[in-house]
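Student: I have a new model to read. Can you walk me through it, feature by feature?

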Number of protein chains: 2
Amino acid sequence: MIKNTIRAAQEELKRKGYKLTGPRKAIINYLAESQEHPDMQQIFAGIRAEYPSIGMATLYRTLGLLLELDILRAITVKKNQLRYELKKPGDHHHHLVCTECSQILEFGSCSFKHISSEIETVTRYSIEYHNLEAYGLCPQCQATS
Amino acid sequence: MIKNTIRAAQEELKRKGYKLTGPRKAIINYLAESQEHPDMQQIFAGIRAEYPSIGMATLYRTLGLLLELDILRAITVKKNQLRYELKKPGDHHHHLVCTECSQILEFGSCSFKHISSEIETVTRYSIEYHNLEAYGLCPQCQATS
DNA sequence: AATCTAATTGATAATTTATTTCATTAAGGT
DNA sequence: ACCTTAATGAAATAAATTATCAATTAGATT
Ligand SMILES: [Zn+2]
Ligand SMILES: [Zn+2]
Ligand SMILES: [Zn+2]
Ligand SMILES: [Zn+2]
């Protein structure tokens, strides 16, 4: 539900004491509505459509902030190639990344949740979130090799 | 076993048709011997100690190559802050990363192996490797907050 | 062991990406 | 409507990454 995702992100910003500004709203809206996993260039271009005055620095700052607040997730496709997605409340999934064409596919089963608390006990870390990416070849790239 | 790690990495290079050059050997040696998870700057400084003529470009190229060959793993500590570790034959582990001080702790239990082949069946991807990082606060940073 | 060939290297330049600065704007509280 | 301060955007600056290319060298071939 896109509306919920947007609202959750906005509320989290306010809850932590940040202002809900035009640029931030535009970025959150764009991310919430994008079905793929866009990179920074795509996001920048996309935002400009409905918020033409936005500067690059603001986008850097905002993505950094959303990551810190754990509202946003970055997926490493290749070295220094990140793709982004807004976290949806109630959803938890991970990603398959094709090492050939960089296609991203989501999968819902998470095996980490079960061992998370045991790892917390053993290591004394307090775990806030986790990322899991599996890398390999997508069906198309398997065919053409 | 450091010796084995070095040999495995070297053999993989040769097996794939790459030359075993001085710089590559130095980089592999450094990585194999480093117990922490160094970043590029640390690696560069460390290599220079025993291979002073190495250029930055070669380090970039070599790290990229080792990543491609799945000999090397990159751990995302923060946005655009990577740490590296050579994969050891017979070893498989994942990482806890402190979001405050960037300390990295390894943990051995991998929950993904069990579901990997099922995901391959369902998605038709062929999975070659995976990365899992859990983020949170290390014991020290929990104390000072 | 000397020769050959193509991959690799290192210095530099060029490019791209990210951050800092700072005057201006605007969000949210009063 | 006003005030305070966080946030923005443009530009400058800095940092990271990649491209270029002559010189070197690993590994194969005599
Ligand atoms: Zn996703
Ligand atoms: Zn998970
Ligand atoms: Zn490790
Ligand atoms: Zn694993």
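Tutor: Start with a polar contact. This is a predicted model. In it, a polar backbone atom of A:Gly55 lies 3.3 Å from a phosphate oxygen of DNA strand D.

Student: Which polar backbone atom is 2.9 Å from a phosphate oxygen of DNA strand D?

Tutor: One of B:Leu20. A side chain takes part as well: a polar atom of B:Lys14 is 3.3 Å from a phosphate oxygen of the strand.

Student: Which residues come nearest to DNA strand D?

Tutor: A:Thr21, A:Thr58, A:Arg61, B:Leu20 and B:Tyr60, out of 21 residues around the strand. By class, this surface has 9 nonpolar, 6 polar and 6 charged residues. Helix 2 (22-33) and helix 4 (56-68) of chain A, and helix 4 (56-68) of chain B, each supply at least two of its residues.

Student: What part of the DNA strand D atoms within 4 Å of the protein belongs to sugar or phosphate?

Tutor: 72%; the rest belong to bases.

Student: Now the metal. What coordinates the zinc ion (ligand 4)?

Tutor: Read the donor atoms. They are NE2 of B:His92, B:His94 and B:His130, plus SG of B:Cys110, at 1.9 to 2.1 Å. Next, read the angles. They run from 102 to 119° among the 4 donor atoms, and the site is tetrahedral. Along the chain, the donors follow the spacing H-x1-H-x15-C-x19-H.

Student: What does the pair B:His92 and B:Cys110 tie together?

Tutor: Parts of chain B that are 18 residues apart in sequence, because B:His92 lies in the loop between strand 2 (81-86) and strand 3 (94-98), and B:Cys110 in the loop between strand 4 (104-107) and helix 5 (112-123).

Student: Is B:Cys110 buried or exposed?

Tutor: Buried, at 9% relative accessibility. B:His92, at 26%, counts as partly exposed.

Notes:
Residues are numbered from 1 along each chain as its sequence is written. Chains are lettered from A and ligands numbered from 1 in the order in which they are written. This is a predicted model: local features need pLDDT of at least 70, side-chain atom pairs count only at pLDDT 80 or more; totals for chains, interfaces and linings use all residues. Side-chain values use heavy atoms; hydrogens and water are left out. Donors are N, O and S atoms within 2.8 Å of the metal (3.2 Å for Na, K and Ca); water is not among the atoms, so sites may look incomplete. Four donors count as tetrahedral if all angles lie between 85 and 135 degrees; four count as square planar and six as octahedral if opposite donors are over 155 degrees apart and all others between 65 and 115; anything else is irregular. Helices (H or I, at least four residues) and strands (E, at least two) are DSSP runs, numbered from the N terminus. Buried means under 20% relative accessible area, exposed over 50%, partly exposed in between (1.4 Å probe, protein chains only). A residue is near a molecule or strand if one of its heavy atoms lies within 4 Å of it. A polar contact is a pair of N or O atoms within 3.5 Å; within protein, one must be able to donate a hydrogen and the other to accept it, and residues adjacent in sequence count only if both atoms are side-chain atoms. Ala, Val, Leu, Ile, Met, Phe, Trp, Tyr, Cys and Pro count as nonpolar, Asp, Glu, Lys and Arg as charged, and the others, Gly among them, as polar.
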